[in-house]
Amino acid sequence: MLNIVIFGAPGSGKGTQSERLIKEFGLDHISTGDVLRKEIKEGSELGRVASEYINKGQLVPDELIVDMLAKVLDEKENAKGVIFDGFPRTIPQAVALKKMLNERGTDVSVMLNLHVEEDELIHRLLERGKVSGRSDDNLETIKSRLEVYHKQTAPLADFYIQEGKHVSIVGNGTIDDIFDKIKKALEDIK
Ligand code: AP5
Ligand code: MG
(Lines give C-alpha, C1' and ligand atoms only; values in the text may rest on other atoms or scores of the structure.)
(Ligands and ions follow the chains in the order given, each with its own letter.)
Protein backbone atom coordinates (compact mmCIF):
# COMPACT_ATOMS: atom_id res chain seq x y z
CA MET A 1 0.00 0.00 0.00
CA LEU A 2 1.11 3.56 -0.71
CA ASN A 3 0.29 5.40 2.50
CA ILE A 4 1.09 9.10 2.39
CA VAL A 5 1.06 11.51 5.32
CA ILE A 6 0.58 14.97 3.85
CA PHE A 7 1.85 17.47 6.37
CA GLY A 8 2.18 21.21 6.71
CA ALA A 9 0.80 24.34 8.34
CA PRO A 10 -2.80 25.50 7.91
CA GLY A 11 -3.14 26.70 4.31
CA SER A 12 0.00 24.91 3.08
CA GLY A 13 -2.02 23.03 0.44
CA LYS A 14 -2.63 19.63 2.06
CA GLY A 15 -6.21 19.38 0.79
CA THR A 16 -5.37 20.83 -2.63
CA GLN A 17 -2.48 18.45 -3.28
CA SER A 18 -4.48 15.51 -1.87
CA GLU A 19 -7.07 16.05 -4.61
CA ARG A 20 -4.30 15.75 -7.22
CA LEU A 21 -2.88 12.62 -5.61
CA ILE A 22 -6.31 10.98 -5.50
CA LYS A 23 -6.79 11.57 -9.24
CA GLU A 24 -3.29 10.53 -10.28
CA PHE A 25 -2.81 7.45 -8.10
CA GLY A 26 -6.36 6.34 -7.21
CA LEU A 27 -5.70 6.61 -3.49
CA ASP A 28 -8.24 7.01 -0.71
CA HIS A 29 -8.18 10.15 1.40
CA ILE A 30 -8.76 10.77 5.09
CA SER A 31 -8.85 14.41 6.17
CA THR A 32 -9.53 14.53 9.90
CA GLY A 33 -10.59 18.19 9.50
CA ASP A 34 -13.19 17.19 6.87
CA VAL A 35 -14.46 14.31 9.04
CA LEU A 36 -14.81 16.66 12.02
CA ARG A 37 -16.64 19.30 9.94
CA LYS A 38 -19.07 16.58 8.77
CA GLU A 39 -19.67 15.53 12.40
CA ILE A 40 -20.38 19.18 13.28
CA LYS A 41 -22.84 19.51 10.39
CA GLU A 42 -24.63 16.34 11.45
CA GLY A 43 -24.86 17.65 15.04
CA SER A 44 -23.23 14.57 16.63
CA GLU A 45 -21.78 14.57 20.15
CA LEU A 46 -18.24 14.38 18.69
CA GLY A 47 -19.06 17.34 16.44
CA ARG A 48 -20.34 19.35 19.39
CA VAL A 49 -17.16 18.78 21.40
CA ALA A 50 -14.86 19.26 18.37
CA SER A 51 -16.40 22.58 17.34
CA GLU A 52 -15.35 24.17 20.64
CA TYR A 53 -11.69 23.38 19.85
CA ILE A 54 -11.86 24.14 16.12
CA ASN A 55 -13.42 27.57 16.66
CA LYS A 56 -10.52 28.49 18.96
CA GLY A 57 -7.92 27.07 16.56
CA GLN A 58 -6.89 24.41 19.08
CA LEU A 59 -6.35 20.70 18.59
CA VAL A 60 -9.16 18.28 19.38
CA PRO A 61 -7.96 15.83 22.11
CA ASP A 62 -5.90 12.88 20.85
CA GLU A 63 -8.22 10.11 22.20
CA LEU A 64 -11.19 11.47 20.26
CA ILE A 65 -9.17 11.82 17.05
CA VAL A 66 -7.52 8.40 17.28
CA ASP A 67 -10.89 6.63 17.88
CA MET A 68 -12.42 8.51 14.96
CA LEU A 69 -9.47 7.68 12.68
CA ALA A 70 -9.60 3.96 13.54
CA LYS A 71 -13.26 3.82 12.49
CA VAL A 72 -12.63 5.62 9.20
CA LEU A 73 -9.57 3.48 8.46
CA ASP A 74 -11.61 0.28 8.81
CA GLU A 75 -13.80 1.53 5.96
CA LYS A 76 -10.69 1.80 3.72
CA GLU A 77 -9.68 -1.86 4.06
CA ASN A 78 -9.45 -2.48 0.32
CA ALA A 79 -7.76 0.78 -0.67
CA LYS A 80 -4.60 0.85 -2.84
CA GLY A 81 -3.28 3.33 -0.35
CA VAL A 82 -4.46 6.15 1.87
CA ILE A 83 -3.54 9.83 2.09
CA PHE A 84 -3.61 11.06 5.68
CA ASP A 85 -4.35 14.79 5.56
CA GLY A 86 -4.20 16.76 8.81
CA PHE A 87 -3.37 13.61 10.78
CA PRO A 88 -1.16 12.92 12.68
CA ARG A 89 -0.70 16.27 14.41
CA THR A 90 0.94 15.13 17.66
CA ILE A 91 3.47 12.43 18.62
CA PRO A 92 0.78 10.25 20.30
CA GLN A 93 -1.25 10.42 17.06
CA ALA A 94 1.80 9.39 15.01
CA VAL A 95 2.50 6.46 17.34
CA ALA A 96 -1.17 5.41 17.18
CA LEU A 97 -1.15 5.60 13.36
CA LYS A 98 1.96 3.44 13.14
CA LYS A 99 0.37 0.84 15.42
CA MET A 100 -2.93 0.84 13.49
CA LEU A 101 -1.18 0.43 10.14
CA ASN A 102 1.24 -2.23 11.44
CA GLU A 103 -1.72 -4.23 12.77
CA ARG A 104 -3.12 -4.13 9.25
CA GLY A 105 0.19 -5.33 7.79
CA THR A 106 1.24 -1.96 6.38
CA ASP A 107 2.98 1.30 7.39
CA VAL A 108 3.41 4.94 6.39
CA SER A 109 5.34 5.00 3.08
CA VAL A 110 6.30 8.67 3.13
CA MET A 111 5.61 11.94 4.90
CA LEU A 112 5.45 14.94 2.56
CA ASN A 113 6.18 18.13 4.50
CA LEU A 114 4.88 21.21 2.63
CA HIS A 115 6.80 24.40 3.50
CA VAL A 116 5.12 27.77 2.88
CA GLU A 117 5.95 31.17 4.38
CA GLU A 118 3.66 32.55 7.05
CA ASP A 119 2.52 35.64 5.08
CA GLU A 120 1.43 33.46 2.19
CA LEU A 121 -0.42 31.06 4.53
CA ILE A 122 -2.37 33.92 6.11
CA HIS A 123 -3.13 35.40 2.69
CA ARG A 124 -4.44 32.07 1.34
CA LEU A 125 -6.61 31.38 4.38
CA LEU A 126 -8.12 34.88 4.47
CA GLU A 127 -8.91 34.60 0.75
CA ARG A 128 -10.53 31.21 1.29
CA GLY A 129 -12.40 32.60 4.30
CA LYS A 130 -14.37 34.91 2.01
CA VAL A 131 -16.14 31.90 0.50
CA SER A 132 -15.42 28.76 2.56
CA GLY A 133 -17.86 29.27 5.40
CA ARG A 134 -15.21 27.66 7.67
CA SER A 135 -15.59 28.96 11.22
CA ASP A 136 -11.78 28.96 11.63
CA ASP A 137 -10.88 31.01 8.51
CA ASN A 138 -10.72 34.40 10.29
CA LEU A 139 -7.58 36.28 11.28
CA GLU A 140 -7.83 35.66 15.02
CA THR A 141 -8.34 31.90 14.67
CA ILE A 142 -5.79 31.63 11.85
CA LYS A 143 -3.16 33.13 14.17
CA SER A 144 -3.90 30.63 16.90
CA ARG A 145 -3.92 27.73 14.37
CA LEU A 146 -0.45 28.80 13.23
CA GLU A 147 0.81 29.05 16.81
CA VAL A 148 -0.59 25.61 17.63
CA TYR A 149 1.03 24.26 14.47
CA HIS A 150 4.48 25.56 15.42
CA LYS A 151 4.26 24.43 19.05
CA GLN A 152 2.47 21.09 18.83
CA THR A 153 2.58 19.79 15.26
CA ALA A 154 5.78 20.93 13.51
CA PRO A 155 8.01 18.98 15.97
CA LEU A 156 6.46 15.81 14.52
CA ALA A 157 8.76 16.16 11.52
CA ASP A 158 11.53 14.69 13.71
CA PHE A 159 9.47 11.55 14.26
CA TYR A 160 9.35 10.91 10.51
CA ILE A 161 13.00 11.93 10.01
CA GLN A 162 13.91 9.21 12.50
CA GLU A 163 11.68 6.75 10.66
CA GLY A 164 13.48 7.66 7.41
CA LYS A 165 10.16 8.73 5.84
CA HIS A 166 10.44 12.52 5.78
CA VAL A 167 10.51 14.47 2.48
CA SER A 168 10.53 18.30 2.38
CA ILE A 169 8.55 19.96 -0.41
CA VAL A 170 8.67 23.69 -1.16
CA GLY A 171 4.97 24.58 -1.10
CA ASN A 172 5.21 27.96 -2.86
CA GLY A 173 4.49 28.38 -6.55
CA THR A 174 1.68 27.09 -8.70
CA ILE A 175 -0.40 24.09 -7.66
CA ASP A 176 0.91 22.23 -10.76
CA ASP A 177 4.58 22.94 -9.97
CA ILE A 178 4.15 21.71 -6.42
CA PHE A 179 2.38 18.58 -7.61
CA ASP A 180 5.26 17.86 -10.02
CA LYS A 181 7.68 18.00 -7.10
CA ILE A 182 5.47 15.61 -5.14
CA LYS A 183 5.34 13.16 -8.05
CA LYS A 184 9.15 13.20 -8.33
CA ALA A 185 9.48 12.56 -4.60
CA LEU A 186 7.10 9.60 -4.88
CA GLU A 187 9.03 8.11 -7.82
CA ASP A 188 12.09 8.01 -5.58
CA ILE A 189 10.35 6.01 -2.88
CA LYS A 190 8.33 3.62 -5.06
P1 AP5 B 1 -7.82 20.99 9.04
O2 AP5 B 1 -9.08 20.91 8.33
O3 AP5 B 1 -6.82 19.90 8.89
O4 AP5 B 1 -7.17 22.40 8.69
P5 AP5 B 1 -5.69 22.96 8.61
O6 AP5 B 1 -4.59 22.03 8.98
O7 AP5 B 1 -5.75 24.21 9.38
O8 AP5 B 1 -5.42 23.17 7.12
P9 AP5 B 1 -6.37 23.73 5.99
O10 AP5 B 1 -7.36 22.69 5.62
O11 AP5 B 1 -6.88 25.07 6.35
O12 AP5 B 1 -5.28 23.95 4.86
P13 AP5 B 1 -4.67 22.93 3.80
O14 AP5 B 1 -3.23 22.68 4.15
O15 AP5 B 1 -5.54 21.76 3.57
O16 AP5 B 1 -4.65 23.87 2.55
P17 AP5 B 1 -5.67 23.94 1.29
O18 AP5 B 1 -5.26 22.94 0.29
O19 AP5 B 1 -7.06 23.93 1.78
O20 AP5 B 1 -8.08 21.15 10.60
C21 AP5 B 1 -9.01 22.09 11.09
C22 AP5 B 1 -9.14 21.95 12.60
O23 AP5 B 1 -9.67 20.66 12.93
C24 AP5 B 1 -7.83 22.04 13.41
O25 AP5 B 1 -7.48 23.36 13.69
C26 AP5 B 1 -8.19 21.25 14.65
O27 AP5 B 1 -8.97 22.01 15.52
C28 AP5 B 1 -9.05 20.14 14.09
N29 AP5 B 1 -8.27 18.95 13.71
C30 AP5 B 1 -8.16 18.41 12.46
N31 AP5 B 1 -7.36 17.33 12.46
C32 AP5 B 1 -6.96 17.18 13.75
C33 AP5 B 1 -6.09 16.26 14.38
N34 AP5 B 1 -5.45 15.27 13.70
N35 AP5 B 1 -5.88 16.39 15.72
C36 AP5 B 1 -6.50 17.36 16.43
N37 AP5 B 1 -7.32 18.28 15.89
C38 AP5 B 1 -7.55 18.19 14.56
O39 AP5 B 1 -5.28 25.38 0.73
C40 AP5 B 1 -5.66 26.56 1.43
C41 AP5 B 1 -6.11 27.63 0.42
O42 AP5 B 1 -5.00 27.98 -0.40
C43 AP5 B 1 -7.20 27.14 -0.54
O44 AP5 B 1 -8.07 28.19 -0.79
C45 AP5 B 1 -6.42 26.74 -1.80
O46 AP5 B 1 -7.19 26.88 -2.97
C47 AP5 B 1 -5.26 27.73 -1.78
N48 AP5 B 1 -4.02 27.16 -2.37
C49 AP5 B 1 -3.55 25.89 -2.24
N50 AP5 B 1 -2.38 25.74 -2.90
C51 AP5 B 1 -2.08 26.96 -3.44
C52 AP5 B 1 -1.00 27.45 -4.23
N53 AP5 B 1 0.03 26.66 -4.61
N54 AP5 B 1 -1.02 28.74 -4.60
C55 AP5 B 1 -2.05 29.57 -4.24
N56 AP5 B 1 -3.13 29.16 -3.51
C57 AP5 B 1 -3.14 27.87 -3.09
MG1 MG C 1 -7.30 20.98 4.52
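1. Let's start with a backbone contact. In this predicted model, a polar backbone atom of Val60 lies 3.1 Å from a nitrogen atom of ligand 1. Two side chains join in: Thr16 places a polar side-chain atom 2.5 Å from an oxygen atom of the ligand, and Arg124 has a polar side-chain atom 3.5 Å from a nitrogen atom of ligand 1. On its own, ligand 1 has 1000 Å² of accessible area, and the protein covers 87% of that.

2. Which residues come closest to ligand 1? They are Thr16, Gln58, Arg89, Arg128 and Arg145, out of 31 residues that surround the ligand. So you can follow Thr16 from the previous point, here is a reminder: its side chain is the one with the 2.5 Å approach to a ligand oxygen.

3. It is worth looking at where this shell comes from. Four helices each supply at least two of its residues: α1 (14-25), α2 (32-42), α6 (118-132) and α9 (175-189). Helix α2 gives the largest share, four residues. By class, the shell around ligand 1 contains 11 nonpolar, 12 polar and eight charged residues.

4. Now step back to the space that holds the ligand. Ligand 1 sits in the largest pocket, whose volume is about 990 Å³. This pocket has 46 lining residues, and those nearest its centre are Lys14, Arg37, Arg89, Arg134 and Arg145. Arg89 and Arg145 may look familiar, as both are also among the residues closest to ligand 1.

5. Which elements give two or more residues to the lining of the largest pocket? The strands are β1 (4-8) and β2 (28-31), and the helices are α1, α2, α6, α7 (139-153) and α9. The lining of this pocket divides into 17 nonpolar, 18 polar and 11 charged residues.

6. There is also an enclosed space to find. The count of cavities of 30 Å³ or more comes to one, and the largest cavity holds about 30 Å³ of space. Its lining is made of Ala94, Lys98, Asp107, Val108, Phe159, Tyr160, Glu163 and Lys165. Two helices, α5 (91-103) and α8 (156-162), each give two or more residues to that lining. How do the lining residues divide by class, and how many are charged? Four are charged and four are nonpolar, with no polar residues in the lining of the largest cavity.

7. One last detail concerns the backbone. The peptide bond that runs from Phe87 to Pro88 is cis, and its omega is near 0°. To find Pro88 in the model, look in the loop between β3 (82-85) and α5. Helix α5 is also one of the elements that line the largest cavity.

Terms used
Residues are numbered from 1 along each chain as its sequence is written. Chains are lettered from A and ligands numbered from 1 in the order in which they are written. This is a predicted model: local features need pLDDT of at least 70, side-chain atom pairs count only at pLDDT 80 or more; totals for chains, interfaces and linings use all residues. Side-chain values use heavy atoms; hydrogens and water are left out. A residue is near a molecule or strand if one of its heavy atoms lies within 4 Å of it. A polar contact is a pair of N or O atoms within 3.5 Å; within protein, one must be able to donate a hydrogen and the other to accept it, and residues adjacent in sequence count only if both atoms are side-chain atoms. Accessible areas come from the Shrake-Rupley method with a 1.4 Å probe; for residues, only the protein chains shown count as cover. On a 1 Å grid over the protein atoms alone, a cavity is a set of points where a 1.4 Å probe fits but cannot get out, and a pocket is an open set with protein on both sides within 12 Å along at least five of seven lines; lining residues have an atom within 4 Å of a point. A molecule sits in a cavity or pocket if more than half of its atoms lie within 2 Å of its grid points. Ala, Val, Leu, Ile, Met, Phe, Trp, Tyr, Cys and Pro count as nonpolar, Asp, Glu, Lys and Arg as charged, and the others, Gly among them, as polar. Grid points are joined across faces, edges and corners, and a volume is the space filled by probe spheres set on the points.
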